[in-house]
Amino acid sequence: MTVTVTPTADVPTGPAPSTRRRTGGRSVLRLLILVAIVAVVLYPLIWMVGTSVKSQEEIVNNVGLLPERFSPGNYTAGWSNFDVSFGRFFLNSAMVSLLTVVGNGLSCLLAAYAFARLRFRLRGVWFAVMIGTLLLPQHVLIVPQYILFRTLGLVGGEWPYLPLLVPQFLATEAFFVFLMVQFMRGIPRELDEAARIDGAGPYGIFRHIILPLSRPALVTTAIFSFIWTWNDFFRQLVFLSQLQDYTVPVALTLFIDSTSQSAVGPMFAMSVLSLLPVFLFFVAFQRMLVEGINTSGIKG
């Protein structure tokens, strides 16, 4: 038997050329928009870096991004501009920021565990009161806080950072408590029931179930606590009075005095250096932060 094969027309397997052109045009347009947005966002940072290596005269006369004459002396001048080395300010900021991270992580996690998993009288009322504190501006709270710490003898004492750190160990950051409460509510309660059957109490459930699964929320709290504390200016200006106790944000204001004799170049140089710890801290925990956003904290 003879089999006759009839040739058939080629059937296109991909999109039409016009469709590919439209898709490619949209991709190019989106890319150009993203590049424009990135350029607008990064322009102040690039300008600050360029200004940090300009001379005092060029800072006034040249508003461009790049310096006409490279002047790296601003970094050495800014580092040793005061009676105290600028490195001391970096150490002060690092100490306050890291202790704040520890305080917020521990206290807010315990408070969130109580609100999310334990049952006690007036739990809803106390949770609503805590959420209500988010409506109070920080500038309103700073006056009674200062009076309280002044009465307790903590302002200007042997360790002047206590007014900045003590509230962090008392779960006063309602935003982080709320963040962790919402995260813990997503953890199935069947895990708690299984732990109780095995004889675990509230502490055992917290230690073996809630704490390991809450790592993404803890990492998020740590990142934002470090960045906000490192960049905080108002509270540190109110409670710190001695030069050797200043943090980086407060120390940067010393480059401009009341006589208008300003050291703008060294100020920009130290501002560039002050961004490095925040950038490195974020890069170190970026993977865990993305993991916390993309997962629910429960892995099979």
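In the predicted model, Thr 229 is buried, its relative accessible area being 12%. The residue belongs to helix α11, and, when neighbours within four places in sequence are set aside, its contacts are with Val 96, Ser 97, Thr 100 and Gln 236. Of the elements concerned, α4 spans residues 86-117 and α11 spans residues 215-231, and both give two or more residues to the lining of the largest pocket.

That pocket has a volume of about 800 Å³, and of the 30 residues that line it, Gln 138, Leu 141, Gln 145, Thr 172 and Glu 173 are the closest to its centre. Besides α4 and α11, the elements that supply two or more lining residues are α5 (123-132), α6 (138-151), α8 (174-185) and α12 (234-239). Helix α6 provides the largest share of the lining, with 4 residues. Sorted by class, the lining comprises 16 nonpolar, 11 polar and 3 charged residues.

At the level of the whole chain, the model contains 15 helices and 0 strands. Of its 300 residues, 36% count as buried, and among the contacts with a separation of 6 or more, 68% are made between residues 24 or more positions apart.

The largest nonpolar core consists of 39 residues, of which Phe 86, Phe 89, Val 248 and Phe 255 touch the most other members. Two or more residues of this core come from each of α4, α6, α7 (162-165), α11, α13 (248-252) and α14 (264-284), and the largest share, 8 residues, is that of α14. Apart from this core lies another, of 24 residues, which includes Cys 108, Ala 112, Ala 116 and Phe 176. Within the surroundings of Phe 86, once neighbours within four places in sequence are left aside, the contacting residues are Gly 78, Trp 79, Val 248, Ala 251, Leu 252, Phe 255 and Met 270.

Helix α14 also contains Pro 266, which counts as buried because its relative accessibility, 8%, falls under the 20% limit. Apart from residues within four places in sequence, Pro 266 is in contact with Asn 74, Ala 77, Gly 78 and Phe 255; of these, Gly 78 and Phe 255 are also contacts of Phe 86. Pro 266 further illustrates how positions distant in sequence are brought into one region, in that Pro 266 and Thr 76, which are 190 residues apart in sequence, have C-alpha atoms 8.0 Å apart in space.

A further set of contacts involves helices α9 and α10. Helix α10, made up of the 12 residues 202-213, reaches 15 Å from its first C-alpha to its last, a span close to the 16 Å expected at 1.5 Å a residue. Its buried residues are Gly 204, Ile 205, Phe 206, Ile 209, Ile 210 and Leu 213. An α-helix has 3.6 residues a turn, so residues three or four places apart point the same way. The elements against which the buried residues of α10 pack are α4, α8, α9 (190-197) and α11.

On the α9 side, Asp 192 lies within the helix and is buried, with a relative accessible area of 2%. When residues up to four places away in sequence are not counted, Asp 192 touches Ile 205, Ile 209 and Ile 210, together with Arg 117. The three isoleucines are among the buried residues of α10. For Asp 192 and Ile 205, a sequence separation of 13 residues corresponds to a C-alpha to C-alpha distance of 6.3 Å.

Two residues other than glycine have positive phi values. In Leu 122, phi is near 60°, and the residue is found in the loop between α4 and α5, where it counts as exposed because its relative accessibility of 53% is over the 50% limit. In Ala 171, which is likewise not a glycine, phi is positive at about 55°. Ala 171 is placed in the loop between α7 and α8 and, with a relative accessible area of 21%, is partly exposed.

Key
Residues numbered from 1 in each chain as written. Predicted model: local features only at pLDDT ≥ 70, side-chain atom pairs only at ≥ 80, totals over all residues. Heavy atoms only, no water. 1 Å grid on protein atoms, 1.4 Å probe; cavity = no way out; pocket = protein on both sides within 12 Å on 5 of 7 lines; lining within 4 Å. Points joined across faces, edges and corners; volume = space filled by probe spheres on them. Nonpolar A, V, L, I, M, F, W, Y, C, P; charged D, E, K, R; others polar. Buried < 20%, exposed > 50% of the residue type's maximum accessible area, 1.4 Å probe, protein only. Contact = heavy atoms within 4.5 Å. Core = buried A, V, L, I, M, F, W, Y, C linked by side-chain atoms within 4.5 Å. Expected span 1.5 Å × (residues − 1).
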